[in-house]
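Work through the exercises below with the model open. Try each task before reading its solution.

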Amino acid sequence: MEAVEQDKDWNLYWRIEKVKAKKDGRKPVPCKTLKATELWEEIAYAAWASADPGIQFDTTINEWHTCPADGPIRASNPCSEYLHLDNSACNLASLNLLAFLNGDKDDQFDLEGFRQAVRIVFTAQDILVGNADYPTESIAQTSRDFRQLGLGYTNLGAMLMALGMPYNFEKARAWTGAVTALMTGEAYSTSTDLAQRVGAFSGYTHNRDPMRQVLQLHREALDSIPDSAPQDLMTAARASWDHVLAGCEKHGVRNSQATVIAPTGTISFMMDCDTTGIEPDLGLIKFKKLVGGGDLTIVNQTVGRALRRLGYDDLQVTEIEAHLLEGGSIVGAPHLLEHHLPVFECSMGDNVILHEGLLRMMAAAQPFVSVEISKTVNLPETATIEDVEDLHLLSW
């Protein structure tokens, strides 16, 4: 990336030859040299043509690697939320964030309920590690030795909408950072408590220092969350992370990883969520073709709640929802004030979130996720190769 910015040459090496050279203590000889910008343009073209992102920021990923003594992180799973050691696995679970907004208390976030849910689900996930079946013996051994877990959440987009908060606003990103920080802090806090009772993961001893360093990086990242974040959430998150650092120092941690943000497609349907994972809604009304034939119309159920939060009365809500159902769009709905339109922006349609906003939401959450985020950055059909280059550069 630095070579791209500085328009430098970039050397390519035969992989096996490079490994041999490293073992022999000599400098590998390039098999080909090209301009970094040429490769950069080819990557952007491939992503533009096929919708495959194609970039993994290996340096950053391995700086946040909790177990480098056992090998580097080389790749992710296909949905990209899980990265760790070769031949490992991670069991996933997600919490429905909207369920923690208390409608009887002005949509106050249920801190204690959320923390308790994290502790219960995380403990259950850890129990599953020793009882699960794995495709190979090596995957089973690595997973039991390092006990990677992937607690996450879904329905973030619906929660923000219910709060009357546009997904692409700084305050929404501050909320997201705070909620994610609390979730991962409470998960690792549970992990240190488990370590005190039943021991740290097997690979902890020879990865003690990097494990602690990564936990410290998470704690320090709390300072990057904007002041517009809810202060009760921030106070709780700081307390959780302080407990993590103190507990790790005394007992280690039970799990080398704790959280991911998975796609949550199927489980979000099962939990009756309006949005999946960290995504905003794809559209307020969606049409799905069924495998066995027929169609399914899916309507966002949070719209009415959001409208009431914004001050619309029952009759106005009914007429706005009728407009949405009839035309498939909330744009032009009666009574709806123009400055409220961003609250209902989606990934697609005629009231869309700019793709930069989708990426910035990931940036708000990523410092507080153990692993990665599965996320689609939707681009319009008119997007250019240069737009893709800009997104790749911004993501870096």
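The exercises cover cores, a helix, a strand, aromatic pairs and cysteines, all in a predicted model.

**Exercise 1. The nonpolar cores**

Find how many residues the largest nonpolar core has and which helix gives the largest share.

Solution.
1. The largest nonpolar core has 69 residues.
2. Those with the most contacts inside this core are Phe109, Phe114, Leu156, Met159, Leu160, Trp175 and Ile278.
3. Helix 8 (residues 170-198) gives the largest share, 10 residues.
4. A separate second core has 17 residues, including Val317, Leu341, Val343 and Phe344.
5. One general point fits here: nonpolar side chains in soluble globular proteins tend to be buried together.

**Exercise 2. The surroundings of Trp175**

List the contacts of Trp175, leaving aside neighbours within four places in sequence.

Solution.
1. Trp175 touches Phe109, Met159, Leu160, Leu163 and Met165, and also Pro230 and Leu233.
2. Next, look for aromatic rings. Trp175 forms one aromatic cluster with Phe100, Phe109 and Phe114.
3. Phe109 thus appears twice: as a contact of Trp175 and as a member of the cluster.

**Exercise 3. The length and cover of helix 8**

Compare the expected span of helix 8 with the distance between its end C-alpha atoms.

Solution.
1. Helix 8 has 29 residues.
2. At 1.5 Å a residue, the expected span is 42 Å.
3. The end C-alpha atoms are 41 Å apart, which agrees.
4. Now check cover. Of the 29 residues, 23 are buried, so helix 8 is mostly covered.
5. Gly199 follows helix 8, with a positive phi near 100°.

**Exercise 4. Strand 6 and its partner**

Decide whether the faces of strand 6 (residues 149-154) are covered or open, and describe its pairing with strand 3.

Solution.
1. Six of the six residues of strand 6 are buried.
2. On one side sit Leu149, Leu151 and Tyr153, all buried.
3. On the other side, Gly150, Gly152 and Thr154 are buried too. Both faces are covered.
4. Strand 3 (residues 91-96) runs parallel to strand 6, and six bridges join them.
5. One example: Leu92 has Gly150 as its bridge partner.

**Exercise 5. Two tilted aromatic pairs**

The whole structure holds eight aromatic pairs. Describe the pair Tyr45 and Trp48, then the pair Phe146 and Phe201.

Solution.
1. The ring centres of Tyr45 and Trp48 lie 5.9 Å apart, with 35° between the planes, and the pair is tilted.
2. Tyr45 and Trp48 are three residues apart in helix 3 (residues 36-50), so about one helical turn separates them.
3. Tyr45 is partly exposed at 44% relative accessibility. Trp48 is also partly exposed, at 41%.
4. The ring centres of Phe146 and Phe201 are 5.9 Å apart, and the planes stand at 45°, so this pair is tilted.
5. Phe146 lies in helix 6 (residues 137-146), and Phe201 lies in the loop between helix 8 and helix 9 (208-221). The pair therefore ties together parts that are 55 residues apart in sequence.
6. Phe146 is buried at 6% relative accessibility, and Phe201 is buried at 2%.

**Exercise 6. The cysteines**

Count the disulfides in the whole structure, then examine Cys67.

Solution.
1. The search finds zero disulfides.
2. For Cys67, the nearest cysteine sulfur belongs to Cys248 and is 11 Å away.
3. A disulfide needs sulfur atoms within 2.5 Å. Cys67 is in no disulfide.
4. Cys67 is buried, with a relative accessible area of 0%.
5. Cys31, by contrast, is partly exposed, at 36% relative accessibility.

Definitions and conventions. Residues numbered from 1 in each chain as written. Predicted model: local features only at pLDDT ≥ 70, side-chain atom pairs only at ≥ 80, totals over all residues. Heavy atoms only, no water. Core = buried A, V, L, I, M, F, W, Y, C linked by side-chain atoms within 4.5 Å. Buried < 20%, exposed > 50% of the residue type's maximum accessible area, 1.4 Å probe, protein only. Helix = DSSP H or I, 4+ residues; strand = E, 2+ residues; numbered from the N terminus. Contact = heavy atoms within 4.5 Å. Phe/Tyr/Trp six-rings, centres within 6.5 Å; stacked < 30°, edge-to-face > 60°. Expected span 1.5 Å × (residues − 1). Pairing = 2+ DSSP bridges.
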